[in-house]
Amino acid sequence: MVRPSRPRPADDRGLSARPAHLDPTPTRRSLLRGGLALGATAGAVLGSELWSGAGAADAVTVDYPTATWAPASSANYTAASRPTTYPVDLVVIHVTQETFADTISLFQDPAHAAAAHYVVRSADGAVDQCVREHDIAWHAGNWDYNTRSIGIEHEGWVDQPAYFTNALYRASAALTAAVCTKYGIPKDRNHIIGHYQVPGTDHTDPGPNWDWVRYLRLVNGV
Ligand SMILES: [Zn+2]
């Protein structure tokens, strides 16, 4: 999980578009975001996924071919040129403690101060990419680990194992396997770690209900 400990007001949880003038750093991303919002009005895009399925932009923006581009605010990560500037040798597994839609919304909030590269949906294993892999997402709460890792969030709560569906495990394992293959990361528990294993963290995710044995088998295709 990457949310701050403070509760958020209910009226701050929606996916209503932020006025462009409030974005302190209008970038290609924010321009793209605006374009996607316009495209969404003509497309069959569900309200809970404002930035999803908007067409050709996804194909050129995501690092994982079946992911949907759902860009985090650029205030929630550090632009970088990994793996040139930093080696990538870890995958960090998280659980959101939020719904999928609220997680995407929080990552779009420039005040959230956190985001992960990917979010996997419980019901069907859909994958949204929120930060490019070459950038340093703020998900581990530890700068060194952030520089070295890809962060994957899973929709659910650590004490509600029903969220850890077959679809979620399979989709996430396929994503992790692809990331490991791309960067030459060993597909083992020394390199695929839980947030709780990051030095200095007080987070417990993914928690005792996460089936690591099953997950590593799936990552390794056995
Ligand atoms: Zn976490």
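# Notebook: sheet, helix α5 and core

I began with burial: buried residues make up 41% of the 222 residues in the protein. I am working from a predicted model. Next I listed the secondary structure and got six helices and eight strands. Along the sequence I read the pattern α-α-β-β-β-α-β-β-β-α-β-α-β-α. I then looked at contacts between residues at least 6 apart in sequence, and 69% of them join residues at least 24 apart.

**The sheet**

In what order do the strands of the open sheet run? I traced six strands as β1-β5-β4-β7-β3-β8, with mixed pairing. β1 (68–69) and β8 (192–194) stand at the edges with a single partner strand each, so one side of each has no neighbour in the sheet.

I went through some of the pairings. β4 (residues 118–120) pairs with β7 (residues 149–154) in the parallel sense, over three bridges. There I found Val120 bridged to His154 of β7. β3 and β7 are also parallel, with six bridges. On that side I found Val95 opposite His154 in β7. I noted His154 twice, then: as the bridge partner of Val120 and opposite Val95. β3 pairs with β8 in the parallel sense too, over three bridges, and Val92 stands opposite Ile193 in β8.

**Strand β3**

Is β3 buried or exposed? I found it mostly covered, with six of its six residues buried. Leu90, Val92 and His94 point one way, while Val91, Ile93 and Val95 point the other way.

Just before this strand I checked Pro87, in the loop between β2 (77–78) and β3. Why does Pro87 count as partly exposed? I see 13 C-beta neighbours inside 10 Å, and a residue is partly exposed between the limits of 12 or fewer for exposed and 20 or more for buried. I also took the C-alpha separation of Pro87 and Thr147, which is 7.8 Å, although they are 60 residues apart along the chain.

**Helix α5**

I turned to α5 (residues 166–183), which lies across β3, β4, β5 (127–129), β7 and β8. I noted an angle of about 175° to β7. The helix has 18 residues and reaches 26 Å from its first C-alpha to its last, close to the 26 Å expected. Its buried residues include Leu168, Tyr169, Ser172, Leu175, Thr176, Val179 and Cys180. Residues three or four places apart in an α-helix point the same way, because there are 3.6 residues a turn. I found the buried residues of α5 packed against β3, β4, β5, β7, β8 and α6 (212–219). After the helix comes Gly184, with a positive phi near 70°.

**Helix α3**

Why do I call α3 largely enclosed by the rest of the structure? Seven of its eight residues are buried, so little of it is left uncovered. Phe100, Ile104 and Phe107 are among them. These buried residues pack against β4, β5 and β7.

**The core**

Last, I looked up the largest nonpolar core, which has 44 residues. Those with the most contacts inside it are Val91, Ala115, Ala116, Tyr118, Cys130 and Ile152. β3, α3, β4, β6 (136–137), β7, α5 and α6 each supply at least two residues. Which element gives the most to this core? I found α5, with seven residues.

I followed Ile152 further, not counting residues up to four places away in sequence. Its contacts include Val91 and Ile93, Ala116 and Tyr118, and Ser172, Leu175 and Thr176.

Terms used:
Residues are numbered from 1 along each chain as its sequence is written. This is a predicted model: local features need pLDDT of at least 70, side-chain atom pairs count only at pLDDT 80 or more; totals for chains, interfaces and linings use all residues. Two strands pair if DSSP finds at least two bridges between them. Helices (H or I, at least four residues) and strands (E, at least two) are DSSP runs, numbered from the N terminus. Two residues are in contact if their C-beta atoms, placed from the backbone, lie within 7 Å. Axes are lines fitted to C-alpha atoms, for helices over the stretch in contact, and angles run from 0 to 180 degrees between N-to-C directions. The expected span of a helix is 1.5 Å times one less than its number of residues. A nonpolar core is a set of buried Ala, Val, Leu, Ile, Met, Phe, Trp, Tyr and Cys residues joined through C-beta atoms within 7 Å.
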